Amino acid sequence: MNIKFKKLNKTIIKCKKCPRLINFIKKISKQKRKQNINEKYWGKPVTGFGDLKAKLMIIGLAPAAHGGTRTGRAFTGDKSGDFLFKSLHSVKISNQNFSNNINDGLKLNSTYITNILKCVPPGDKPDNNELIRCSNYFIQELDCLKNLNVIVALGKVAFDNCLKIYKKRFGIEKKFIFKHGKKYLLPDKKTLIASYHPSPRNVNTKIITSTMMNRLFKKAKKIAKL
Ligand code: SF4
């Protein structure tokens, strides 16, 4: 891992800038979920992970309470991650079709996965100040990934907040509509692709299917030249 990323991740893991979120993480890590009652939760902010030469970035809004916050890796150990990694494996973005824990041997092909917000918010609803505070880390990730040319945003909230950060940074006025599979050119020449979130609710109601998700990642790979 390069020095900049090492420093950034160290800072993120130790970050306590949002007391409401840090307290929430502590609470869920102590209470735990029934099926994980004997596990020690990660219980800290969750950094991004993957290939530091990535051409493709996949973003969510925040780590899941009993997924990333428990395992210490984004989209790891929850149902959304299960669905996501089946798709990533089938389109050859990941070396395996599961993401269970940080020692499971997962490798990503020219891809980096992260969340806009590094701490899980109560009810999955961050407040504006928390998003503003954490956006600095997301911007640093973007700046460290020099080969990045495509961002896939999983879910409307991640999509909207990614754009908010870009709008603030580059002063763009253009309106961007969230529609699964729709792509937009960002001011720094990266392509942003909107995707439905692979949440159990979206999967069970077939708002998102494996075919739709695989198709979207194939398209992302092609644009990213991966
Ligand atoms: S959300 Fe971000 S800024 Fe706030 S405490 Fe977590 S890591 Fe720090």
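## A walk from Ala62 to the ligand and the cores

Ala62 has a relative accessible area of 18%, so with the cut-off for buried set at under 20%, Ala62 counts as buried. Please keep in mind as we go that this is a predicted model. Ala62 belongs to the loop that runs between strand S2 and helix H3. Setting aside residues up to four places away in sequence, Ala62 touches Asn115, Leu117, Cys119, Val120 and Pro121. Pro121 is 59 residues away from Ala62 along the chain, yet the C-alpha atoms of the two are separated by 7.5 Å.

Two of the residues that Ala62 touches, Leu117 and Cys119, lead us on to the ligand. Which residues are around the ligand? They are Cys15, Lys17, Cys18, Leu21, Ile22, Pro45, Leu117, Lys118, Cys119, Cys134 and Tyr137. Helix H2 (19-31) and helix H5 (128-144) are the elements that give two or more residues to this shell. Sorted by class, the shell has nine nonpolar residues, two charged ones and no polar ones. The space that the ligand takes up is the largest cavity.

From the ligand shell we can step to Ile13, which is found in helix H1. Is Ile13 buried or exposed, or in between? Its relative accessibility is 26%, and because partly exposed covers the range between 20% and 50%, Ile13 counts as partly exposed. Leaving aside neighbours within four places in sequence, Ile13 is in contact with Trp42, Lys44, Pro45 and Thr47. Pro45 is also one of the residues around the ligand. Ile13 and Val46 are 33 residues apart in sequence, and their C-alpha atoms are 6.6 Å apart in space.

Helix H2 brings us to Arg20, which lies in that helix. Arg20 has a relative accessible area of 36%, so Arg20 is partly exposed. Beyond residues up to four places away in sequence, Arg20 touches Pro121, Pro122, Lys125, Pro126, Asp127 and Glu130. You have met Pro121 already, as a contact of Ala62. How far apart are Arg20 and Glu130? In sequence they are 110 residues apart, and in space 9.1 Å, C-alpha to C-alpha.

Now let us turn to the nonpolar cores. The largest has 42 residues, and those with the most contacts inside it are Met57, Ile59, Phe138, Ile151, Phe159 and Leu192. The elements that give two or more residues to this core are helix H1 (3-14), H2, strand S2 (56-60), H5, strand S4 (150-154), helix H6 (156-170) and strand S6 (191-195). Which element gives the most? That is H5, with seven residues. To look at one member up close, take Ile151: not counting residues up to four places away in sequence, Ile151 touches Met57, Ile59, Leu142, Tyr166, Leu186, Lys190, Thr191, Leu192 and Ile193. Apart from this core lies another one, of 24 residues, with Ala74, Leu84, Ile193 and Leu216 among them.

Next comes helix H4 (residues 79-90) and the loop before it. Phe75 is found in the loop between helix H3 (68-71) and H4. The relative accessible area of Phe75 is 7%, which means that Phe75 is buried. The backbone of Phe75 deserves a look too: Phe75 is not a glycine, although it has a positive phi of about 50 degrees.

Ser80 has its place in helix H4, and Phe75 is among the residues that Ser80 touches, not counting those up to four places away in sequence; the others are His197, Pro198, Ser199 and Pro200. At 9% relative accessibility, under the 20% cut-off, Ser80 therefore counts as buried. Lys79 is in helix H4 as well, but with 62% relative accessibility, Lys79 counts as exposed because the cut-off is over 50%. Lys79 is in contact with Pro198 and Pro200, leaving aside neighbours within four places in sequence. The C-alpha atoms of Lys79 and Lys4 are separated by 32 Å, with the two positions 75 residues apart along the chain.

Our last stop is Lys225, in the segment after helix H8 (210-224). Lys225 is a residue other than glycine with a positive phi, near 60 degrees. At 65% relative accessibility, Lys225 counts as exposed.

Note on methods
Residues are numbered from 1 along each chain as its sequence is written. This is a predicted model: local features need pLDDT of at least 70, side-chain atom pairs count only at pLDDT 80 or more; totals for chains, interfaces and linings use all residues. Side-chain values use heavy atoms; hydrogens and water are left out. A residue is near a molecule or strand if one of its heavy atoms lies within 4 Å of it. On a 1 Å grid over the protein atoms alone, a cavity is a set of points where a 1.4 Å probe fits but cannot get out, and a pocket is an open set with protein on both sides within 12 Å along at least five of seven lines; lining residues have an atom within 4 Å of a point. A molecule sits in a cavity or pocket if more than half of its atoms lie within 2 Å of its grid points. Helices (H or I, at least four residues) and strands (E, at least two) are DSSP runs, numbered from the N terminus. Ala, Val, Leu, Ile, Met, Phe, Trp, Tyr, Cys and Pro count as nonpolar, Asp, Glu, Lys and Arg as charged, and the others, Gly among them, as polar. A nonpolar core is a set of buried Ala, Val, Leu, Ile, Met, Phe, Trp, Tyr and Cys residues joined through side-chain atoms within 4.5 Å. Buried means under 20% relative accessible area, exposed over 50%, partly exposed in between (1.4 Å probe, protein chains only). Contact means heavy atoms within 4.5 Å.
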